[in-house]
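Here's a friendly walk through a few spots in this model. Have the sequence and the 3D view open as you read.

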Amino acid sequence: MLKGHQSWVFENKPSIKSKAAIVGPFEGQGPLADDFDIIHGDMYLGQDSWEKAEKALMEEAAKMAVQHAGLTEGQIQFFLAGDLMNQIISSSFSARTLAIPYLGLFGACSTSMESLALASYIVNSGGAKYVLSGTCSHNASVEKQFRYPTEYGSQKPPTAQFTVTGAGAVVLSQDGDGPYVTSATIGRVVDMGISDPFNMGAAMAPAAVDTMEAHFRDLQIEPGYYDLIVTGDLSKVGYQIANDLLKKHNIPIHQTTYSDCGMMIYDYGKQNVQAGASGCGCSAVVTYGHLLNRMQRGELNRILVVATGALLSPLSYQQKESIPCIAHAVSIERQK
């Protein structure tokens, strides 16, 4: 299963049996609205706090993915999830409700592909028949924890990003009609000394390129193998830096279409999102909504999703630490 130094090739090709992508009202005003299963009109989701609303998003996406698979929660062996809240409470409290054996993960905004890679490993090795994988984020809860509460009304620089309110989940199985998870590359922590929490794209871009380079090296392929490569949430600033680094490292990214989930979910002309989107839910809802729908329609055969994460905390920022970052890549193919 190990290929090269840091990649797995899944010989049994775990199948994405079902999926769910649920978002908030602002995301529903963007160009990908038709690809989401549910668009909520209320940021509170009927709860009395932002954090409880985020938990409700995760629970809803998880339950919907299980239902779409034609299963019950009792038939799922493991639930792998994480989020941005302290002690990943959105995922852990969702696991309390779901009552599925649970592995909590933290990879910041890379958690969507971290959880998918590990879930695929478990299914591929025969460790489970069905595994549920997912993640979530909420704009107001994340702003409150990492920056300033929305009520404060602080101004943001053009490099800042807008956290997605959304949750995405998939059920992986040993058999099914696909799409299939075929490989994964586990990233290294990369820290280029950036300490500005309002410039996450610049901080994460080197980690994304490092993982892409490792993926192509380990699997002995070139970018042209894929119809589409997307990074998680570098948005405009990080996307440009990533392109510059890919060119510097002589990676022929021009062979394929390269985009970024943080640039896809919102309409820059109509929505004030500064550099673009971020958050655990960003790559999750774009991948499990828009991209998998395109695969099901036959528009894409092979994609590589490189989810990016900034591994800072409010405490590390207050202690003047720089921002360590990571990226995990997962390849998804329409056919075995």
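Helices α3 (111-124) and α8 (residues 280-296) pack at an angle of about 60°, their axes 7 Å apart. That makes the pair oblique to each other, because angles under 35 degrees count as roughly parallel, over 145 as roughly antiparallel, 65 to 115 as roughly perpendicular and the rest as oblique. The axes are lines fitted to C-alpha atoms over the stretch in contact, with angles running from 0 to 180 degrees between N-to-C directions. On the α3 side, Thr-111, Ser-112, Met-113 and Leu-116 meet Cys-280, Ser-283, Ala-284, Thr-287 and Tyr-288 of α8; contact here means heavy atoms within 4.5 Å. The helices (H or I, at least four residues) and strands (E, at least two) are DSSP runs numbered from the N terminus.

A word on the source: this is a predicted model, where local features need pLDDT of at least 70 and side-chain atom pairs count only at pLDDT 80 or more, while totals for chains, interfaces and linings use all residues. Residues are numbered from 1 along each chain as its sequence is written, and side-chain values use heavy atoms, leaving out hydrogens and water.

Next, some backbone oddities. Most residues other than glycine have a negative phi, and most peptide bonds are trans. Two alanines have a positive phi: Ala-99 and Ala-108. In the table, buried means under 20% relative accessible area, exposed over 50% and partly exposed in between (1.4 Å probe, protein chains only).

| Residue | Phi | Loop | Relative accessibility |
|---|---|---|---|
| Ala-99 | about 60° | between α2 (89-98) and β6 (102-104) | 63%, exposed |
| Ala-108 | about 55° | between β6 and α3 (111-124) | 1%, buried |

There's also a cis peptide bond between Gly-178 and Pro-179, with omega about 5°. Pro-179 sits in the loop between β9 (166-173) and β10 (180-185).

Last stop: Asp-35, in the loop between β3 (15-23) and β4 (38-39). Which side chain of opposite charge is nearest to Asp-35? It's Arg-297, 4.2 Å away, and the buried Asp-35 has no salt bridge. A salt bridge needs a side-chain nitrogen of Lys or Arg within 4 Å of a carboxyl oxygen of Asp or Glu. For charge, Lys and Arg count as positive and Asp and Glu as negative, with His and the chain ends not counted.

Asp-35 does make side-chain polar contacts, with His-290 at 2.8 Å and with Asn-293 at 2.9 Å. A polar contact is a pair of N or O atoms within 3.5 Å; within protein, one must be able to donate a hydrogen and the other to accept it, and residues adjacent in sequence count only if both atoms are side-chain atoms.
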